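Reader: Hello! I would love a close look at one part of this model, and then a walk outwards from there.

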Amino acid sequence: MLQLSNKDPHALAKICHALSTELRLNIIALLENDTKSCLELSKQLGYPLSTISANVKILEEAGLIITELLPAKNGSKKLCSLVYLDIAIQLGTGNKIIEDSHQYEMEIPIGNYMDFQVFPSCGFVTDGVYPETYDKPSYFFDLSRVTAQLIWLRRGYLEYRIPIDHLKQFQSKLKSISFELEICSEAPGFNHKWKSDITMWINEVEIGTWTSPADFGDRRGILSPDYWSLGNSQYGILTKWKVNTTETTLNNEFLSDVHLKMLKIYQKDYLTMKIGIKDDSQHIGGINIFGKNFGDYPQDIKFILEY
């Protein structure tokens, strides 16, 4: 989340200017779940390419999107990606963005899972490419998994445990818990029409299923290292799974009726988060999970508690 206030009026004015036209808001809406070129934006929005390029430049200068210039058939193309899903603006002079809201945040390495069940194609990448380890579920026991920067599996799940004993003081004030991670489908190589039904469980309660639209590999992930060749999964979609007092949302859209009380969060000193593909899913298209040195977003799995 981008946080702004009147303490930095220059930055606030720059963001507000960038968001001040319907066209630029429509550009942001199209980039919410996908990376697009200026040409694609031009065709979808019905504006000349020169107009789109000028408005993309304003959004880029404001830090709301990032662009990457890649070779194309007739020269080059500029790919645009969204940086922030949320912006909080404080117009008063207080110290808190939201006066009655606080957050505790923890980042969990994607390889720090405590239980798993995986089926090929499966594997993970640490500091290099080791093809001899791919499609071998037993390799997921290897201690090097803790340094994994990309993990993939066709079916099954990964389960993480988050210590929360020191957070019991916030039990009566808890407003929401969230998990934020970059993910996509898992196809042979990559495939932009490869759907996958990805499910998350918290404390063994199924909070919802999201259908990933694709396995993205049309360009190199912004953070993906050179040794990870094109033709493989390169980047994903940043997803935020949030359970509050009334419902569960994904990227601020309704996902299910599961709410906080159903999770029985403080019955143990830790909570579990499991993510994977159910055997009876309509689209068994696997999952890629990106770490902070792969894909488009410099993060592992973020656990966020709001109270």
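Which strands each supply at least two residues of the lining of the largest cavity?

Author: Happy to help, and please keep in mind that this is a predicted model. The strands you are after are β4 and β12 (237-244), each of which supplies at least two residues of the lining of the largest cavity. The volume of this cavity is about 150 Å³. Its lining is made up of 17 residues, and those closest to the centre are Leu31, Glu32, Asp34, Gly236 and Tyr297. The structure as a whole holds three cavities of 30 Å³ or more.

Leu31 is a good place to start the walk, as it leads to a helix. Leu31 belongs to helix α2 (residues 22-31), where Leu23, Arg24, Ile27 and Ile28 are buried along with Leu31. Looking down the axis of α2, you would find its buried residues within an arc of 145 degrees, so they line one face of the helix. The cover over these buried residues includes the helices α1 (9-18), α3 (38-45) and α4 (49-61). Strands contribute to that cover too, including β2 (36-37), β3 (65-72) and β4 (75-82). Strand β4 therefore appears in both parts of the picture: it helps to cover the buried residues of α2, and it supplies part of the lining of the largest cavity.

The other strand of the lining, β12, leads to a loop. Gln234 is found in the loop between β11 (205-212) and β12. With a relative accessibility of 0%, Gln234 counts as buried. Setting aside neighbours within four places in sequence, its contacts are Phe216, Gly217, Arg219, Arg220, Gly221, Ser224, Trp228, Ser229, Phe290 and Gly295.

For a second buried residue, take Ile162 in strand β8. Ile162 has a relative accessible area of 0%, so it is buried. Again leaving out neighbours within four places in sequence, Ile162 touches Met106, Ile108, Phe179, Asp269, Tyr270, Leu271, Met273 and Phe303. As a distance to check on your screen, the C-alpha atoms of Ile162 and Leu91 are separated by 35 Å, and these two residues are 71 apart along the chain.

Next come the aromatic rings. A search of the whole structure finds eleven aromatic pairs. In one of them, Phe116 and Phe140 have ring centres 5.7 Å apart and planes at 35 degrees, so this pair is tilted. Phe116 sits in strand β7 (residues 115-125), while Phe140 is in the loop between β7 and β8 (150-163), and the pair links these distant parts of the chain across 24 residues. Phe116 and Phe140 are both buried.

Phe116 has another partner, Phe141, in a pair that is edge-to-face, with 4.7 Å from centre to centre and 65 degrees between the planes. Phe141 is in the loop between β7 and β8 and Phe116 is in strand β7, so this pair ties together parts that are 25 residues apart in sequence. The two partners differ in how they meet the outside: Phe116 counts as buried because its relative accessibility is 16%, whereas Phe141, at 60% relative accessibility, counts as exposed. Ring pairs join Phe116, Phe140 and Phe141 with Tyr113, Phe124 and Tyr139 into a cluster.

Charges also come into play around the rings. The ring of Tyr113 has the charged end of Arg145 over it, 5.2 Å from the ring centre. Likewise, the charged end of Lys274 sits over the ring of Trp201, at 4.9 Å from its centre.

Finally, a few backbone details may interest you. Most peptide bonds are trans, and most residues other than glycine have a negative phi. Against that background, Pro120 and Ser121 are joined by a cis peptide bond, with omega about 0 degrees, and Ser121 lies in strand β7. Asp135 is not a glycine, yet its phi is positive, about 60 degrees. Asp135 is found in the loop between β7 and β8, and it counts as partly exposed because its relative accessibility is 42%. Lys264, also not a glycine, has a positive phi of about 50 degrees. Lys264 lies in the loop between β14 (253-256) and β15 (270-277), and at 54% relative accessibility it counts as exposed.

Technical notes
Residues numbered from 1 in each chain as written. Predicted model: local features only at pLDDT ≥ 70, side-chain atom pairs only at ≥ 80, totals over all residues. Heavy atoms only, no water. Phe/Tyr/Trp six-rings, centres within 6.5 Å; stacked < 30°, edge-to-face > 60°. Helix = DSSP H or I, 4+ residues; strand = E, 2+ residues; numbered from the N terminus. Buried < 20%, exposed > 50% of the residue type's maximum accessible area, 1.4 Å probe, protein only. Lys NZ or Arg CZ within 6 Å of the ring centre and 35° of its normal. Arc of directions from axis to C-beta. Contact = heavy atoms within 4.5 Å. 1 Å grid on protein atoms, 1.4 Å probe; cavity = no way out; pocket = protein on both sides within 12 Å on 5 of 7 lines; lining within 4 Å. Points joined across faces, edges and corners; volume = space filled by probe spheres on them.
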